[in-house]
Amino acid sequence: MPDTTTSSPISTTTSAVTAADLLADEMHDVTVTVNGVARSARVPARRLLSDFLRHDLRLTGTHVGCEHGVCGACTVLVDGSPTRACLMFAVQAQRHEITTVEGLGSTPETMNHVQRAFAECHGLQCGFCTPGFVTTITAYLEDHDDPTEDEARELISGNLCRCTGYQNIIKSVLRAAEIKREEITRDEGGRA
Amino acid sequence: MTTRQFGAPVQRREDPRLLTGGGRYLDDLGHTAYEAAFVRSPYAHARILEIDTDAAVDVDGVIAIYTHEDLPGAVGEPLPVLIPHPALTAARTGYPLAKGEVNHVGEAVVMVVATNRYVAEDAVDRIVVRYEQLPPVVGIENAREAAHLVHEDAPGNVSAHLVQEVGDVTSAMAGAPHTLTLELDIERSACMPMEGKGVYARWNSDDESLRVYSSTQTSTGVRACVAAKLDLPLAKVECIAPDVGGGFGVKIMHPWPEEVLVPWASRNLDHDVKWTEDRREHFISSAHERGQLQEVTVGFDDEGRMLALDVRFWHDNGAYTPYGIIVPIITATQLLGPYKPGSYRVEFFSLYTNTVLVTPYRGAGRPQGCFAMERTMDAIAAHLGIDRAEVRSRNFIQPDEMPYDHGLMFQDGRPLKYDSGDFPASLAKLKELVGWDDFADYRAQAEAEGRKVGLGIGCYVEGTGVGPYEGGHIQIETNGRVNVATGLTTQGQGHQTSLAQIVADELGVPIENVHVTTGDTRRMAYAVGTFASRAAVMSGNAVALAAKVVRAKALRIAADALEVSPEDLEIEDGVISVKGAPGSSIDLGTIAVMSNPLRYAFDEAAKKATQFAGTFDVEKPPIGDDDEPGLEGQDFYSPTQATFANGMHAAIVETDPVTAEIRILRYCVVHDCGNMINPLIVEGQVHGGVAQGVGGALYERMVYDESGQLLNASFMDFLMPYASEVPFIETDHLETPSPLNPLGIKGAGEAGTIPVTAVIASAIEDAEGFPITSMPISPPELWALRRAHARKDAS
């Protein structure tokens, strides 16, 4: 006997729009501070923070690799802490400070210590996962000025990269810490 | 003095842009485009009885819903068989949207176009498809048994059967003092780039032209397919690969159904349309690779030298064969590695299963071939009690035997003839690097501490830089900017740097002036694509040839202007001067002005080229008979055959005596890709390749259940290595130039991946003392093997 099956991810009485659907589609005016600037858009409740940043604000430096919080490509800083933008709704980001890769340095001349270290150490290939690494590492180095190689490896072990084999990313972490230390020394020297 | 760029570890010129959020990947484009989503088959094998889209039509924001019935003409026909082969007797391809039957979970059945992806997915959820399930064929054994068929008209589930033989294997085997047979098994993995596929199409109804952006490894290939499917003149279609977030092979396959449907929908709706693949879609509708069962019989003498090698393997090609039988052909030919087999017969069956189709993934059939050959080498060594490196060395092709013709046909339809390589030197370097001869002491020390360690080795040869050709086009602007274009695409290999290095040297200009464009059919319409570790070899040599053309033209114009012979001129830092008389000079920007006689001055520099500037000979036409305006030129590189890179890896692993956890303590690579353009980039390619190899050896597998459901179709369940799983990679290089191309280079992209599974199997076997024949291997599997062998030893 052939096994005849109806396939639909939802029940066959499909035209019914549920309350949850309506809630998800309800529009909200969202204002979020992104890279130091208050940005507003009117978005549905279900709009992911990653899509809000990318498509509403056109900050496409934040990339989406899995949309289930595993790869880390969409990592942004929420009040300074690395956060997966694909696991957060835009409406949840209100009253928070978001920093994307563009906010760390948006031109070659203004690259921060992590971005510069990646360029020096060949820490990226296709560049898709890179913004998630750069934000994560930048946050870590805020309060770890001289990580060991093992600590650097541990630090980046929540982000997937399919190109580099991670070796040069680890090198980049160590170099970024070094650049940051040099900058601090130089600043202190300047003040003295 | 211009510093030579070729061979220097130049920092990548694309990086500042990519590091600051300036990359433009497919989904970074087209913010106002309609977006597509697909109803995909939930069954591995089924007949479609009915598609009910009524409930979806009313979803606010839905623009169009398409099923196969809606697809006109060639759009509704089967997708092309890209690489036909005489042995591929039962080639089958899918339709852009399934017609009556589905053959794997994930096959596209209905396309929804909506104002955005959220709405498109809402509509997808409301579409009801009724199926009649058919018996699925899952796994190579079931395909081979053929109790059920994937395609009713492909008997035995066989798409292709191919036998190649060199020498008389039967009699050589009969006369061999020793023979061994190995049965081996490799499971499926996948490229899994961080960016999935994606297509964005912009139909322009005013001039009836189409621009397609695709996250592809071949923009010229996509362009040709789209033009053919949509019945458009080629001149009305342009295809651009924007920044591409990794490919590793899956994006050389084309056209994907979406690459036909999205452009078609854009024209149909007269609106931009975009599709961005999500991760689950990538797992169940993009390609996988690797799955093979192998049976190797080898005959050898008392010294361990092969006399006869007889290989049969069964290759899982998935549901369709649009990419032909390239993967098993590569396994069959590249299996031989650096060795002389004595005599060789290889036979394969490429089999249909109701699973995602199989097309090349970094290494493309070579990891499987290398696994078969290297397991065989270890088996010979164990059988005779000879050192494993020594057995390999006794079977090597020697440097004085190069070029070495195996007598087989390679994946490009041309002879499998190695151009160069020094295998004994590579092995010596590897043994030195890993400390081969000291390992016994290390093991004894570890054993004394209650630890189990093993040393593994794997050697490979990789045919790289296959034809047919690539081109380079170079144009110098009046401000001295050098625009370089090549048609193949970039997915992270750093072509904007490595190709610029080559051009900077050839032209004598600062690298900062050189700007490279890849994968844009507007700039270079003739190209093949980025695969088979071919970009540096093919486009590297093509842009070098193009640079020579432009250099010659620049020198000719300068020689006229300076009233000297071109031979007396040199170019440095973008300035042409008379050798020994640096005062007499002219910069390339000015030559560019002079090369283009003008009527209209568009800027200050251009005034010099206008008709009343008095800078020309009135007796001569402004453009000579055999000349063209502009300081530009192009050339193509087309080799007679592939160039063969090689390498050898060794690893030390530790296996936990209790939990069977497997840890790689050291990983050593010796790699020979001829002359290196940029050692920084080569090194990076090797690292990334090894990491993917480690994934394939220890973690990654596509777990299908018996009904053809992919059980681990997410990053939660499909285990790709994080930094915590990839060992520190120690590398050393040999540079044996290729005699086949002017730059002496060989490809490097895939090398790192090829031997890893073989090396790790070898090391685990060495640690454990029983054969490892099936990869990848997990701690539970190793633990079960230990138990099985302990029982066998006890009985």
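This is a walk through a predicted model, from a sheet in chain B to the contact between the chains and a helix in chain A.

Start with the sheet in chain B. It is open and has seven strands, in the order E3-E5-E1-E12-E9-E10-E11. The pairing is mixed. Two strands form the edges: E3 (62-66) and E11 (237-240) of chain B. Each of these pairs on one side only. From one strand to the next, the twist averages 20 degrees.

Now take one pair from that sheet. Strand E1 of chain B covers residues 34-40, and strand E5 of chain B covers residues 108-114. They pair in the antiparallel sense, over six bridges. To find the register, look at Val39(B), which stands opposite Val110(B) in E5(B).

Helices lie against these strands. Helix H3 of chain B (residues 117-126) lies across E1, E3 and E5 of chain B. Its direction is at about 25 degrees to E1(B). Helix H7 of chain B (residues 257-269) also packs on the sheet. It touches E1, E3 and E5, and also strands E9 (198-204), E10 (209-214) and E12 (273-276) of chain B. The direction of H7 makes about 30 degrees with that of E9(B).

Chain B has further strand pairs to trace. Strand E2 (residues 46-52) of chain B pairs with strand E4 (residues 101-102) of chain B through two bridges, in the antiparallel sense. Here Ala46(B) has Val102(B) as its bridge partner. E2(B) also runs antiparallel to E6(B), joined by six bridges. In that pairing, Arg47(B) is bridged to Glu132(B).

Next, move along chain B to Met377(B), which sits in helix H10 (residues 366-384) of chain B. Is Met377(B) buried or exposed? It is buried, because 25 other C-beta atoms lie within 10 Å and the cut-off for burial is 20 or more. Leaving out residues up to four places away in sequence, Met377(B) touches Arg388(B), Val391(B) and Arg392(B). The C-alpha atom of Met377(B) is separated by 26 Å from that of Pro780(B), 403 residues apart along the chain.

Those contacts of Met377(B) belong to a helix pair. On the H10(B) side, Met377(B), Asp378(B), Ile380(B) and Ala381(B) take part; on the H11(B) side, Arg388(B), Val391(B) and Arg392(B) do. The residues of this contact divide into four nonpolar, no polar and three charged. Helix H11 of chain B spans residues 388-395. Its axis and that of H10(B) come within 9 Å and cross at roughly 115 degrees. The two helices are therefore roughly perpendicular. Their crossing is right-handed.

Now turn to where the two chains meet. The contact takes 54 residues from chain B and 60 residues from chain A. On the side of chain B, the elements giving two or more residues are helix H1 (15-19), H3, strand E6 (128-133) and helix H17 (679-699). Which of them gives the largest share? H17(B) does, with seven residues. The residues on the side of chain B that touches chain A divide into 27 nonpolar, 15 polar and twelve charged.

Finish in chain A, at helix H4 (residues 113-121). Eight of its nine residues are buried, so the helix is largely enclosed by the rest of the structure. The buried residues in H4(A) are His113(A), Val114(A), Gln115(A), Arg116(A), Ala117(A), Phe118(A), Ala119(A) and Cys121(A). Just after H4(A) comes His122(A), with a positive phi of about 55 degrees.

How values were computed. Residues are numbered from 1 along each chain as its sequence is written. Chains are lettered from A and ligands numbered from 1 in the order in which they are written. This is a predicted model: local features need pLDDT of at least 70, side-chain atom pairs count only at pLDDT 80 or more; totals for chains, interfaces and linings use all residues. Two strands pair if DSSP finds at least two bridges between them. Helices (H or I, at least four residues) and strands (E, at least two) are DSSP runs, numbered from the N terminus. Axes are lines fitted to C-alpha atoms, for helices over the stretch in contact, and angles run from 0 to 180 degrees between N-to-C directions. Two residues are in contact if their C-beta atoms, placed from the backbone, lie within 7 Å. A residue is buried if 20 or more other C-beta atoms lie within 10 Å of its own, exposed if 12 or fewer, and partly exposed in between; C-beta atoms are placed from the backbone. Angles under 35 degrees count as roughly parallel, over 145 as roughly antiparallel, 65 to 115 as roughly perpendicular and the rest as oblique. A crossing is left-handed if the near helix is turned anticlockwise from the far one by less than a right angle, and right-handed if clockwise. Ala, Val, Leu, Ile, Met, Phe, Trp, Tyr, Cys and Pro count as nonpolar, Asp, Glu, Lys and Arg as charged, and the others, Gly among them, as polar.
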